[in-house]
Every structure is written in structure tokens, then in C-alpha cells.
Number of protein chains: 2
Amino acid sequence: MLGVFYSMIVVPGPASPNLAKRISQETGIKLAKVHYKTFPDGESYFRIEDDLKGEEVVVVQSCSPPQDKRLVELLLMVDACKDLGAERVIAVVPYFPYARQDKRFLPGEPISVNTVIKSIESAGADEVITFDIHEVHIMERFSVPAHNLTAMRLLAKHVKSLDLESPFVLAPDQGAMRLAKPFAEVLETDCDFFIKHRDRVTGEIETKEKELSVEGRDAILVDDIISTGGTMAKAAQILKKLGARRIVAACTHPILCGNALQRMRDAGIEEIIGTDSIEGPYSKVSLAPEVASFLSKVAE
Amino acid sequence: MLGVFYSMIVVPGPASPNLAKRISQETGIKLAKVHYKTFPDGESYFRIEDDLKGEEVVVVQSCSPPQDKRLVELLLMVDACKDLGAERVIAVVPYFPYARQDKRFLPGEPISVNTVIKSIESAGADEVITFDIHEVHIMERFSVPAHNLTAMRLLAKHVKSLDLESPFVLAPDQGAMRLAKPFAEVLETDCDFFIKHRDRVTGEIETKEKELSVEGRDAILVDDIISTGGTMAKAAQILKKLGARRIVAACTHPILCGNALQRMRDAGIEEIIGTDSIEGPYSKVSLAPEVASFLSKVAE
């Protein structure tokens, strides 16, 4: 594929070294050598060894926790690539930060995701790629071309290989149905959803019970983000009550903060499958094939 | 002074609640009520209780460590103030982050401070106030009016009250002479500087010895930032050798990371005097009077 991508180079951000490497391997696009460090006072530093003049640069940097550090690194990298002569910069930001503050829930609140978009664009990104953003309507707020890819087909293919018993796909809330549907299609099975209510003041989650025919079947809970694990745990408890056999949780962004793991295990979730949007023990599926396929279209 | 500032409101950032309060007290400008929290995943949240419609808003937020978190909070606050109807936003950013990465020291490095300026401007700041920025030429890179105020007169007045013995002011490197001179003027005494060399690769500091008549005198080391304390410690060691009596270190931004305190104490520095650019045990001098005096000129 080298011919197609001759003027492209992948610049790995400190949050996504493995994903960047995989994208380079999948596409044959050269991987830039970048040195990173954090100064003793906490400021980020990097140095790009390769010449970027006239290149189309793909900066790969997820903005998962610590989000603010990751975001500032992204801004510094995009701006530096431009300043070092890059012709265009495509920012691959698998986890898009502050996407859950996409509207003013209470008066006087910021619409934080708008500020993030503005900052990435002002840094010089010419195109943005993200994955399974929390609310799809956010994509309309970009001024530059922006693309919301999905990890669902990749995740479902991985789950298919697990040899589950009569699998059933469940979205822990109605919003996740847009993810659960394509997931269930790959598994050639049915899917449904629970109704969830979050108290805006206390943050408490209430998930309504619902009759489902899951007795003796393996259930796959599908969502974009697993953060505190609260939503997944509530859904798993109901599934267990209904007689589900094994419960697996699949998501694009395994943030898993605080005691999320323990909470999910206690609720009966046996396995957690995430992607390298967040590099770590739960990034069992790589987003690289989807990024590669997208870049091949850009390069054509 | 209420009449002058009738349409202004001070919005305190999470890094600078006390400085914001002092500015409000000095000027009589109303202090907005702001609630902050950090979500379990690490994202920042706030809510401004007051109505900002048509107001001239003074956002006070130093970007000291953790710089990236403080910077993103600043961007979110400036953007939110505008979005909530503010007529103009003045960003008071006493510590300006990434000011030490103001040029490309090695090929392939970012010029990080430019990215920071761009992001603050794109968030919507109409005017920026900072204090004793590491390199004054950085101020020319702003597109909006930007002002570099100095804490030196305030710090020197505080030091004057300490009843020092025949005080002598010393800049630990030549760059700090622009700060040491006005400082010495307030104390009505003389000042000098050491020659410092920093190895760009190892980060090692070498300070050249120099004959100075400090025998039996109290010395005040003056700089913009005390970060690891290395520069201050080297200078103090030489001053001790030359027979200086007490050694005091004064700076605008007492970052004091790692073992800076121990290092400075070991070198014979008896007291550290900083400002509320960084709120904590060493913010012995408030920047509020300088900000108030500047705002009174803006309001006229």
C-alpha cells in the first residue's frame, strides 16, 4: 500500500504509541520517531526526529484520562507539526474529551466539548477522526471535516470468536442502541435496551427492570464508554436476575476509573473487552484497521 | 471605587480563589460565585451562579502546576463566560505556562508558548494580563492586547519590612537583572548578577563564581520562577562562600517542585518569599494591588 500513502507520516502521541504503530503497520505509512518527556514542573515536552515539510501528517493521540494533559499534548503536537512545515494535519483522537458536557444541563455551566473543538481547530487540525463519540450530534459542531468512526464491528468480531452460548446483545440505556444494533448484526443475533435515569444532582443511576428472554443465554453489554462502571453494573444485576448465563461487557473506551472493575465483577460481569482507544490491559481490540481503511479513502 | 467598575465582575478560577477575592476586595468589583468539581474520570466541571450578560468579566486563573489542567480550566472558563453573554473577557493569568519553551532549542521541538497563546485567544479572551513572564518578547506574540505586569515592587516592599542588614540584591543569572534592578531600587541598594550556563541535553546548571562585596551583608536572590531550586541553590552557595550573612530568595512564581525546598535550605537560603501567583505557603505577597491598579486604568 506504500504507493497510496507516499506523502503521509504517522506521528504517535504519548497516549497512543501502540495504536499509532499498528496504524503504520496496517497502512505502510512511515511512523515518525518522537521523544517525549515531562519536565520536573509537569510541563510536557517532545521532539519529532523526522522532517515533516510538505507531508500529510496523521497525529494519533487519544484524550483519555488524564484528559487535560492529553489534550494539551495534542494541541502542542498539531501546532508543532504545522509549524514544522506539514502540509495538512489529520488528528486521530479516538477518545474525545468532554463529550459528555455537550449541552448546558444547568444554567451557568460550560458547554465544554465546544471549547475542546475550538482549541483543536485553532491549533491547526485540518481534519479530525474520532471513535464512537458520546453524542453523534457533536460532529456537526466542527468547522473542519470531522468523522465519527465506530469500533462496533471490530469489537463484535472479537466477541464472535469467544464461542458464546446463544448470545444476546444489550444496550444498558437507549442511547447505546445505535452501537448495540450493528454489534448484534455481526453476531447475527437480537438486541434490546434498558431504560436508565441519571439524577443530575446526585449522579445516582436508576435502571428500570424489563422482561427479556435471556434465561441460559450469554449476554453482551455494549456501550461507548465504561467510566465508573455504574451503568454496566446495574444492567448486569438485572440480567443475572433474569437468568442470563455469562455476562461480557464490550466498549470502545474502557476508562474504568475508581473501583469500576470491582463493581462490575461484583455484579457478575466476567470479561471486559475494550479497544486501544485507551491503551492498557483492556485494549483487546485495535482500532487500527478502521483508521487504516479510512486513511486509504483519504489518500485515494 | 464601585462607580468605576459598575459593569465588571471577577470570576475566580479554581487555581486562584484567594487572589480573585483580594482583587474583588481591592477594587470593589463583584466576585462571582462559582462551583467547581472534578468528575470521577478527571474532567473539570464548574458552574457560574451569576448572570454575566453584558458584563466585562475578569477571569482570574493562574496556570501553575498542574499546568495542563489549569490551562484547560482557563479555556473552558473564558469560552463559557463569552457563551453566557459576557461583553468582554480579561484573562488574568499570573503564571503563564510553557513560557520556557518560547523557541526551538533543538530541531523538531514545539514552540509551546505559541500554542498556549493561540488556544487562550481562540477561547475568546479579549485581553490578557500576566506577571513577570519568563521572556518579555513573548508578549509581542499575542494578537489581543496583552500586558506583562511585575511583582517586583510588591515583593521589594515586603522584603524592606524584614529589617535586613545592609541588603544586597542578586540576580542568579543575567536574564533576571530586569527584575533585580527595580527590586534594588525600592530597597535603595545595589544589585549584580551571576553568569549561568545550562546544558541543553543534561539540564545541568553551572554558575560561574564572581567577586562581590557581600561580606557580612544580607543577600536577596531575585528571580521570576523558582522551579527545582537548582539555580537559586548554586547562587546561594557562592554567596555563602563570599561571606554573605542571611540569604533570602524572592520570586513571583514559587513553583518549588520536587525537592526544591530542601535543596535551597541546604544551600543556606533562610526564607522564600513568593506571591499568590501560586497560592500556598509561600504566597506571602498578593498580586492584587497591581491587578487592581491596572483594572482601574482599563475601567476609566
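Start by selecting helix 3 of chain A and colouring S112(A), V113(A), T115(A), V116(A), I117(A), S119(A), I120(A) and A123(A): these are its buried residues. Keep in mind as you go that this is a predicted model.

Now show what sits over them. Within chain A, the cover includes helix 2 (67–83), strand 6 (88–92) and strand 7 (127–131). Turn on chain B as well, since helix 2 (67–83) and helix 3 (112–123) of chain B are also part of that cover.

Next, check the helix geometry. Helix 3 of chain A runs over residues 112–123, and its end C-alpha atoms are 17 Å apart; that agrees with the expected 16 Å, because twelve residues at 1.5 Å a residue should span that much. Step one residue past the helix to G124(A), where phi is positive, near 120 degrees.

Hop over to chain B and pick helix 8, residues 288–299. This one also has twelve residues, and from first C-alpha to last it reaches 16 Å, close to the 16 Å expected. Colour A288(B), E290(B), V291(B), A292(B) and L295(B), the buried residues here. Their cover includes helix 1 (17–27) and helix 4 (152–160) of chain B, along with strands 5 (56–60), 6 (88–92), 7 (127–131) and 8 (146–149) of that chain.

Finally, zoom out to all of chain A. You should find eight helices and 16 strands, in a C-alpha box of roughly 60 × 50 × 35 Å along the principal axes. The radius of gyration is 20 Å, which agrees with the value near 19 Å for a compact globule of 300 residues. Buried residues make up 52% of the chain. Of the contacts with a separation of 6 or more, 64% join residues 24 or more positions apart.

Methods: Residues are numbered from 1 along each chain as its sequence is written. Chains are lettered from A and ligands numbered from 1 in the order in which they are written. This is a predicted model: local features need pLDDT of at least 70, side-chain atom pairs count only at pLDDT 80 or more; totals for chains, interfaces and linings use all residues. Helices (H or I, at least four residues) and strands (E, at least two) are DSSP runs, numbered from the N terminus. The radius of gyration is taken over C-alpha atoms; the globule rule is 2.2 Å times the number of residues to the power 0.38. A residue is buried if 20 or more other C-beta atoms lie within 10 Å of its own, exposed if 12 or fewer, and partly exposed in between; C-beta atoms are placed from the backbone. Two residues are in contact if their C-beta atoms, placed from the backbone, lie within 7 Å. The expected span of a helix is 1.5 Å times one less than its number of residues.
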